[in-house]
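Please open the structure in the viewer and keep the sequence panel visible. The stops below proceed by selection, each followed by a description of what is found there.

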Amino acid sequence: MHAYSQDLRDRILGALDRGEGPTAIARRFEVSRMWVYQVRKRWKEEGQRHSLPMGGYRRSRIAHKEAQIRQWIEATPDLTLVELSERLAAEGIQIKVPALWHQLNKWGLSFKKNSARQRAIAHRRTSGTN
(Lines give C-alpha, C1' and ligand atoms only; values in the text may rest on other atoms or scores of the structure.)
Protein backbone atom coordinates (compact mmCIF):
# COMPACT_ATOMS: atom_id res chain seq x y z
CA MET A 1 0.00 0.00 0.00
CA HIS A 2 1.35 3.40 -0.93
CA ALA A 3 0.68 6.80 0.56
CA TYR A 4 -1.47 9.21 -1.43
CA SER A 5 0.53 11.62 -3.58
CA GLN A 6 1.57 15.03 -2.33
CA ASP A 7 -0.30 16.60 -5.24
CA LEU A 8 -3.54 15.00 -4.06
CA ARG A 9 -2.96 16.22 -0.52
CA ASP A 10 -2.35 19.76 -1.81
CA ARG A 11 -5.54 19.67 -3.90
CA ILE A 12 -7.55 18.39 -0.91
CA LEU A 13 -6.21 21.18 1.30
CA GLY A 14 -6.87 23.74 -1.45
CA ALA A 15 -10.47 22.59 -1.74
CA LEU A 16 -10.88 22.83 2.03
CA ASP A 17 -9.45 26.37 1.96
CA ARG A 18 -12.05 27.32 -0.66
CA GLY A 19 -14.78 26.17 1.73
CA GLU A 20 -15.78 22.90 0.07
CA GLY A 21 -17.17 20.22 2.35
CA PRO A 22 -15.19 17.07 3.21
CA THR A 23 -17.88 14.77 1.81
CA ALA A 24 -17.93 16.54 -1.56
CA ILE A 25 -14.13 16.59 -1.68
CA ALA A 26 -13.92 12.90 -0.86
CA ARG A 27 -16.45 12.05 -3.58
CA ARG A 28 -14.70 14.22 -6.18
CA PHE A 29 -11.17 12.93 -5.49
CA GLU A 30 -12.33 9.34 -4.80
CA VAL A 31 -10.86 9.11 -1.31
CA SER A 32 -12.50 8.37 2.01
CA ARG A 33 -14.13 11.17 3.93
CA MET A 34 -12.14 10.15 7.03
CA TRP A 35 -8.88 10.61 5.12
CA VAL A 36 -9.92 14.15 4.18
CA TYR A 37 -10.55 14.84 7.89
CA GLN A 38 -7.16 13.35 8.79
CA VAL A 39 -5.32 15.50 6.22
CA ARG A 40 -7.08 18.60 7.50
CA LYS A 41 -6.39 17.76 11.15
CA ARG A 42 -2.71 17.14 10.46
CA TRP A 43 -2.44 20.45 8.60
CA LYS A 44 -4.18 22.42 11.36
CA GLU A 45 -2.52 20.79 14.38
CA GLU A 46 0.98 20.08 13.11
CA GLY A 47 1.32 22.26 10.02
CA GLN A 48 2.36 19.25 7.93
CA ARG A 49 1.08 18.73 4.42
CA HIS A 50 3.05 15.55 3.67
CA SER A 51 2.44 11.95 4.60
CA LEU A 52 4.14 10.19 7.46
CA PRO A 53 6.88 7.73 6.54
CA MET A 54 5.66 4.17 6.10
CA GLY A 55 7.50 1.23 7.60
CA GLY A 56 10.84 1.91 9.08
CA TYR A 57 14.06 0.51 10.40
CA ARG A 58 13.81 -2.15 13.06
CA ARG A 59 16.87 -2.66 15.20
CA SER A 60 17.84 -6.27 15.74
CA ARG A 61 17.32 -7.75 19.17
CA ILE A 62 20.76 -9.34 19.01
CA ALA A 63 22.77 -6.42 17.57
CA HIS A 64 24.40 -5.76 20.93
CA LYS A 65 25.45 -9.44 21.14
CA GLU A 66 27.35 -9.55 17.84
CA ALA A 67 30.82 -9.82 19.41
CA GLN A 68 29.69 -12.55 21.79
CA ILE A 69 27.98 -14.52 19.00
CA ARG A 70 31.13 -14.28 16.87
CA GLN A 71 33.14 -15.66 19.81
CA TRP A 72 30.70 -18.55 20.24
CA ILE A 73 30.94 -19.46 16.56
CA GLU A 74 34.73 -19.15 16.56
CA ALA A 75 35.03 -21.35 19.66
CA THR A 76 32.50 -23.93 18.41
CA PRO A 77 32.37 -23.85 14.58
CA ASP A 78 29.85 -26.72 14.37
CA LEU A 79 27.31 -24.80 16.46
CA THR A 80 23.84 -25.04 14.89
CA LEU A 81 21.31 -22.25 14.65
CA VAL A 82 19.07 -24.06 17.13
CA GLU A 83 21.90 -24.33 19.65
CA LEU A 84 22.77 -20.69 19.10
CA SER A 85 19.18 -19.62 19.67
CA GLU A 86 19.10 -21.73 22.85
CA ARG A 87 22.22 -19.96 24.12
CA LEU A 88 20.57 -16.62 23.43
CA ALA A 89 17.38 -17.80 25.17
CA ALA A 90 19.47 -18.65 28.25
CA GLU A 91 20.53 -15.00 28.25
CA GLY A 92 16.93 -13.81 28.02
CA ILE A 93 16.74 -13.14 24.26
CA GLN A 94 14.01 -15.06 22.47
CA ILE A 95 14.64 -15.22 18.71
CA LYS A 96 13.37 -17.62 16.09
CA VAL A 97 15.83 -19.54 13.95
CA PRO A 98 14.93 -17.80 10.63
CA ALA A 99 15.37 -14.36 12.23
CA LEU A 100 18.68 -15.47 13.72
CA TRP A 101 19.88 -16.78 10.36
CA HIS A 102 18.86 -13.51 8.68
CA GLN A 103 20.91 -11.46 11.16
CA LEU A 104 23.95 -13.74 10.91
CA ASN A 105 23.73 -13.53 7.12
CA LYS A 106 23.68 -9.71 7.34
CA TRP A 107 26.84 -9.89 9.47
CA GLY A 108 28.47 -12.21 6.90
CA LEU A 109 28.81 -15.08 9.38
CA SER A 110 28.88 -18.59 8.01
CA PHE A 111 29.46 -21.82 9.87
CA LYS A 112 28.68 -25.53 9.67
CA LYS A 113 24.95 -26.01 9.74
CA ASN A 114 24.72 -29.41 11.44
CA SER A 115 26.66 -32.65 11.73
CA ALA A 116 24.18 -34.71 9.66
CA ARG A 117 24.54 -32.34 6.72
CA GLN A 118 28.32 -32.48 6.95
CA ARG A 119 28.24 -36.30 6.95
CA ALA A 120 25.94 -36.31 3.91
CA ILE A 121 28.24 -33.99 1.96
CA ALA A 122 31.31 -36.05 2.91
CA HIS A 123 29.52 -39.27 1.87
CA ARG A 124 28.67 -37.84 -1.57
CA ARG A 125 32.27 -36.80 -2.13
CA THR A 126 33.70 -40.21 -1.25
CA SER A 127 31.07 -42.30 -3.08
CA GLY A 128 31.98 -40.77 -6.44
CA THR A 129 28.37 -40.26 -7.65
CA ASN A 130 27.65 -37.30 -9.88
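Select Leu8, Arg11, Ile12, Ala15 and Leu16 in α1, together with Pro22, Ile25, Arg28 and Phe29 in α2; these two groups of residues meet each other. The model on display is predicted. By class, this contact of α1 with α2 comprises seven nonpolar and two charged residues, with no polar ones. Now show the whole of helix α1, residues 6–17, and look along its axis towards α2: the two axes come within 10 Å and cross at roughly 145 degrees. The crossing of α1 and α2 is right-handed.

Next, keep α2 (residues 22–29) selected and add α3, residues 33–46. The axes of α2 and α3 come within 8 Å, and their crossing angle is roughly 115 degrees. That makes α2 roughly perpendicular to α3. The crossing of α2 and α3 is right-handed. To see the contact itself, display the side chains of Pro22, Thr23, Ile25 and Ala26 from α2, and of Arg33, Val36, Tyr37 and Arg40 from α3. Five nonpolar residues, one polar residue and two charged residues make up the contact of α2 with α3. Pro22 and Ile25 will be familiar from the previous stop, where they belong to the α2 side of the meeting with α1.

Move on to helix α5 (residues 81–90) and helix α6 (residues 97–107). How do their axes cross? They cross at roughly 100 degrees and come within 10 Å. That makes α5 roughly perpendicular to α6. For the contact, select Leu81, Val82, Leu84, Ser85 and Leu88 on α5, then Val97, Leu100, Trp101 and Leu104 on α6. By class, the contact of α5 with α6 holds eight nonpolar residues and one polar residue, and no charged residue takes part.

The remaining stops concern pockets. Which residues line the largest pocket? Select Tyr57, Arg58, Arg59, Ser60, Arg61, Ala63, Ile95, Ala99, His102, Gln103, Lys106 and Trp107 to outline its lining. The volume of this largest pocket is about 290 Å³. Colour the lining by class, and five nonpolar, three polar and four charged residues will appear.

Finally, turn to the second largest pocket, with a volume of about 250 Å³. Its lining consists of 13 residues, and those closest to the centre of the pocket are Ala3, Tyr4, Arg9, Trp35 and Ser51. Which helix gives the most to this lining? Helix α3 does, with four residues. Coloured by class, the lining of the second largest pocket shows eight nonpolar, three polar and two charged residues. The tour thus ends at α3, the helix already seen in contact with α2.

Definitions and conventions: Residues numbered from 1 in each chain as written. Predicted model: local features only at pLDDT ≥ 70, side-chain atom pairs only at ≥ 80, totals over all residues. Heavy atoms only, no water. 1 Å grid on protein atoms, 1.4 Å probe; cavity = no way out; pocket = protein on both sides within 12 Å on 5 of 7 lines; lining within 4 Å. Points joined across faces, edges and corners; volume = space filled by probe spheres on them. Nonpolar A, V, L, I, M, F, W, Y, C, P; charged D, E, K, R; others polar. Axes fitted to C-alpha atoms, helices over the stretch in contact; angles between N-to-C directions. Parallel < 35°, antiparallel > 145°, perpendicular 65-115°, else oblique. Left-handed = near helix turned anticlockwise from the far one by under 90°. Contact = heavy atoms within 4.5 Å.
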